[in-house]
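Colleague: Could you take a close look at one part of this model for me? I would like to hear about the backbone around a loop and what sits beside it.

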Amino acid sequence: MKGIKKSLAEEYLFLDFSHQIEGCIFPLHTSVTLFLLSYCDCKIFKVYLVLKRESTDVSLLKNVLSQDVEVQIISKQELPPIVQNCCLPAVVERPDSFCRAGLAVVLRHIIQKSYEADPSKKEVLELLGFKKTCLKACAEVSQWTRLCELTIPLAIENFLKESSEQHPSIPAEILQLEKKLSEPVRVHNDDKLRRQKLRQQKAARVGPSGFKEKTKTKSKAQRQETSDASDPLSKSLELEVAFSKLTVQEEPAAPTREPAHIRKAKASDLPPLEHVFAEGLYFTLTDIVLLPCVHHFLLIICKKLSERLTEFPLLAAWYQRIQEVPRVKTAASQCGIQFCPLPELLTTSNEQHTGLNEDPGGEEQNDPSFIGGPRPTMTKLMEKGIEVMFSPHPCPTWTIDWNSLPAAVSPKEGKMSSDRALRKQQQLNNLVYVVTNQAKPGDRIVDFCSGGGHLGIMLAHMLPLCQVTLIENKELSLIRAKKRSDELGLSNIWFIQANMEYFTGMFNIGVALHACGVATDMVIEHCIQTRAAFVTCPCCYGFIQNTSKFNFPKSEQFKKTLSYKEHMILCRFADQTAVQLPPQRRLIGKQCMCLVDLDRARAAEERGYSVQVISMEPESCSPKNNMIVGVPI
């Protein structure tokens with residue numbers, strides 16, 4: 001095994017490798033990443049396959065990967081320390097203090113670096129989609145990102161493991177994807193394209209003599225049933241638009257004005273646009289992620305469950321269409337993906353898949369006992385002995401000596417007004433006091449949702465004997481934080497661009513300043529799982545909702561008193577604390593904030609923590625001025 005050669009010019013890409021079966025490299029995240037590297041013809045990363053076990057057989061890799069794909073094999077023990085704290089795939093820059101981890105983050109980075117290396121590869125940059133947001137939203141808050149990045153790859157891996165059985169069950173996630181492909185497409189120029197499609201459809205109904213063919217008047221439902229799925233002419237618009245971005249086209253003709261009857265058509269009468277690719281009309285990173293997964297799923301279906309292929313007409317059509325994209329077949333073959341021919345489907349399933357309800361709070365929509373507004377809900381809690389109550393602030397007048405600090409430590413160095421910078425300093429006074437009084441030499445402190453690093457950089461500067469890690473999903477924010485850290489010469493700080501769940505390292509204290517919505521709950525949960533103390537300042541209460549990981553209310557005490565809908569009323573009113581609102585309304589908002597955070601505190605107490613909900617000083621430092629401080633008992 002070759003060691004890692006240090007170079008400031010290269011970036012190092014680390015991929016898990018457990019085994020391979022019939023050309024499928026496990027885990028699928030690794031297959032996806034290798035496929036993207038081949039598609040982009042990207043040679044700027046040093047690629048390492050990390051063995052999950054020392055006994056892993058790597059000899060068959062030569063039969064899977066093309067000679068054009070250069071990889072080296074290393075063990076987990078050879079990983080840089082920062083990468084050992086993350087789930088793979090991961091990319092690290094030299095020196096080893098900045099890491100990107102998680103499938104979506106790493107894939108987006110590969111695309112950006114490939115384009116920077118060769119700006120003529122515009123089709124590579126187009127993979128990021130409209131406004132470059134494809135798979136940018138983190139999996140914790142985006143159901144679509146979670147489906148593509150996490151649940152589908154995992155479901156297919158489990159399906160492949162079960163395929164040795166006579167009748168493996170079809171993953172619900174595949175049914176969900178088939179359903180997604182049946183939904184109308186929404187794009188930024190939606191109205192214009194739908195009017196073009198309407199004109200196309202009307203032109204197709206004109207007979208050879210130039211007169212309209214006689215047709216019976218159909219209801220709206222009937223029109224939808226006989227829409228473009230059964231009409232090849234009506235499909236041509238979507239295909240034309242989709243493939244125009246993928247091939248060299250002549251200069252388009254000047255747009256002509258639509259006829260009056262097309263311009264005046266109601267939006268409700270316009271035909272929907274159909275999916276060509278996973279996210280709509282255009283080939284994007286999502287298609288790259290899904291291809292290895294769907295390919296291996298269809299391989300098993302064709303071999304062992306061919307009679308069930310008719311249940312996935314849209315998925316099969318997508319699989320065949322994606323092979324027409326330039327360079328896809330070449331890139332796939334370099335990664336061991338040999339496309340399988342699909343039999344012609346005799347029937348098309350139009351069934352609506354059940355059990356895929358995405359509304360996390362749907363069961364509460366018709367709660368007959370519900371009484372609206374915050375006051376009845378607050379009264380209900382008071383009757384159970386749950387009242388608005390803050391713990392005393394441990395040192396309300398304490399402040400950092402800002403004048404004695406290097407300029408790069410101050411929030412004033414960031415891009416914000418002087419008033420906002422002052423309020424940020426006041427917020428930091430509160431959190432830094434609590435953390436510095438808890439921290440011991442050698443402690444590991446993690447600043448979750450770190451943004452530009454105001455809190456993490458301050459802690460790294462004030463606690464030089466502690467290791468501080470900043471975790472943030474937004475690349476530009478973390479790059480700004482790294483620049484400030486470099487100016488200060490800090491050597492006890494790491495930067496990880498990743499979704500929170502991709503961080504797997506051990507730590508002693510977790511902090512978060514204004515983590516949005518359920519991100520606060522994720523921080524607290526991450527700390528509880530590690531038995532670490534936590535100091536959080538919540539934000540965006542109105543974005544709180546049930547997720548795949550959390551159900552609200554969280555604590556047994558609140559669950560016995562409030563329904564989900566009643567708890568959501570507290571969350572919505574907790575967001576009404578802005579300074580421009582009337583004082584009485586702000587007071588109610590503050591009380592609702594306290595009750596929502598008390599539920600979080602009680603839930604942590606039920607799991608062996610001592611928790612306080614404290615109001616920051618001065619309260620004017622932020623409309624969202626609560627701190628939740630928890631210490632494991």
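**A closer look at the backbone**

Modeller: Happy to! Please keep in mind that this is a predicted model. Let's begin with the loop between helix 4 (122-125) and helix 5 (143-162), where Lys132 has its place. Lys132 is not a glycine, yet its phi is positive, at about 60 degrees. Most residues other than glycine have a negative phi, and most peptide bonds are trans. Leu135 is also found in the loop between helix 4 and helix 5, and its phi is positive too, near 55 degrees. As for their surroundings, Lys132 counts as partly exposed because its relative accessible area is 34%, which falls between 20% and 50%. Leu135 has a relative accessible area of 5%, under the 20% cut-off, so Leu135 is buried.

Going back along the chain brings us to helix 3. Its 15 residues (103-117) should span 21 Å at 1.5 Å a residue, and the end C-alpha atoms are indeed 21 Å apart, so the two values agree. Several residues of helix 3 are buried, among them Leu103, Val106, His109 and Ser114.

Elsewhere, the backbone has cis peptide bonds to look at. One joins Leu88 and Pro89, with omega at about 10 degrees; Pro89 lies in the loop between strand 5 (72-75) and strand 6 (90-93). Another joins Phe552 and Pro553, with omega at about -5 degrees, and Pro553 sits in the loop between strand 12 (533-539) and helix 19 (556-559).

Technical notes: Residues numbered from 1 in each chain as written. Predicted model: local features only at pLDDT ≥ 70, side-chain atom pairs only at ≥ 80, totals over all residues. Heavy atoms only, no water. Helix = DSSP H or I, 4+ residues; strand = E, 2+ residues; numbered from the N terminus. Expected span 1.5 Å × (residues − 1). Buried < 20%, exposed > 50% of the residue type's maximum accessible area, 1.4 Å probe, protein only.
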